[in-house]
Amino acid sequence: MEQTSNRRIYIERTLALIKPGAIYKAEEIEDVILKSGFIILQKRKLQLSPEQCSDFYSDQYGKLFFPSLTAFMSSGPIIAMTLARDNAVAHWKSILGPVNSIKARETHPECLRAKYGTSDLKNALHGSESFHAAEREIKFMFPNSLIEPFPSREATEEYLSRYVNPTLLRGLTELCKHKPHNPCIWLADWLIKNNPYKPQICDGNIVEEAE
């Protein structure tokens with residue numbers, strides 16, 4: 001008998017930028033994003049100053065193309081989006097394709113940079129390079145948003161094991177015993193009633209402790 005392992009999905013976030021040269025195709029690009037399984041959590045249209053571009057691309061400071069990059073990125077409005085799905089950083093990068101749009105047309109003709117970009121600099125779109133870069137870039141583009149830290153896989157598994165799975169297992173066991181006509185509604189009601197972490201309401205007068 002073959003053993004099957006359950007595939008667990010861990011949601012990530014990444015930053016997507018539609019650059020000045022491709023903003024007129026924003027609607028098409030957003031459609032591709034949604035059809036690729038992403039959820040657009042946040043979106044805003046803005047125009048960055050050269051100083052803001054320098055801060056955003058600070059990791060590229062000192063490279064020959066840096067002045068041209070900041071000049072181009074501040075030349076017109078851009079659209080910033082926070083995207084979410086499983087393996088978001090890597091998946092968005094794969095859809096974008098190579099950085100150089102000219103080379104992308106030769107090696108990855110279906111990628112977004114091949115379709116909407118025109119050169120190495122004017123490559124239409126930006127995507128976060130890594131998990132930690134995504135966190136920094138999202139905070140940069142959406143400074144007024146409350147962004148909780150990304151939990152690690154170990155922290156997620158520990159939380160589920162400690163706080164979710166025991167109660168859920170009890171609920172599923174009761175579900176099998178009762179066999180209700182509408183199992184989803186029944187289980188939802190059961191979980192609400194038997195949530196061990198719901199606020200406790202105390203009836204009666206509050207008694208102050210004597211000093």
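No disulfides are present in the structure, which is a predicted model. Two of the cysteines were examined for their accessibility. Cys176 has a relative accessible area of 52% and is therefore exposed, as the cut-off for that class is over 50%. Cys184, with a relative accessible area of 62%, is likewise classed as exposed.

The packing of two helices was then considered. Helix H8 spans residues 153–178 and helix H9 spans residues 183–193; their axes lie 10 Å apart and form an angle of about 135°. Because of this angle, H8 is oblique to H9. The crossing of the two helices, H8 and H9, is right-handed. On the H8 side, the contact involves Thr167, Leu168, Arg170, Gly171, Leu172, Glu174, Leu175 and His178. These residues meet Pro183, Trp186, Leu187, Trp190 and Leu191 of H9. By residue class, the contact of H8 with H9 comprises eight nonpolar, three polar and two charged residues.

A further set of contacts concerns Pro20, located in the loop between strand E1 (11–18) and helix H1 (26–35). The relative accessibility of Pro20 is 15%, so this residue counts as buried, the limit being under 20%. When neighbours within four places in sequence are left aside, Pro20 is in contact with Phe72, Met73, Ser75, Gly76, Pro77 and Ile78. For one of these residues, Ile78, the separation from Pro20 is 58 residues in sequence, while the distance in space is 5.4 Å from C-alpha to C-alpha.

How values were computed
Residues are numbered from 1 along each chain as its sequence is written. This is a predicted model: local features need pLDDT of at least 70, side-chain atom pairs count only at pLDDT 80 or more; totals for chains, interfaces and linings use all residues. Side-chain values use heavy atoms; hydrogens and water are left out. Axes are lines fitted to C-alpha atoms, for helices over the stretch in contact, and angles run from 0 to 180 degrees between N-to-C directions. Helices (H or I, at least four residues) and strands (E, at least two) are DSSP runs, numbered from the N terminus. Angles under 35 degrees count as roughly parallel, over 145 as roughly antiparallel, 65 to 115 as roughly perpendicular and the rest as oblique. A crossing is left-handed if the near helix is turned anticlockwise from the far one by less than a right angle, and right-handed if clockwise. Contact means heavy atoms within 4.5 Å. Ala, Val, Leu, Ile, Met, Phe, Trp, Tyr, Cys and Pro count as nonpolar, Asp, Glu, Lys and Arg as charged, and the others, Gly among them, as polar. A disulfide is a pair of cysteine sulfur atoms within 2.5 Å. Buried means under 20% relative accessible area, exposed over 50%, partly exposed in between (1.4 Å probe, protein chains only).
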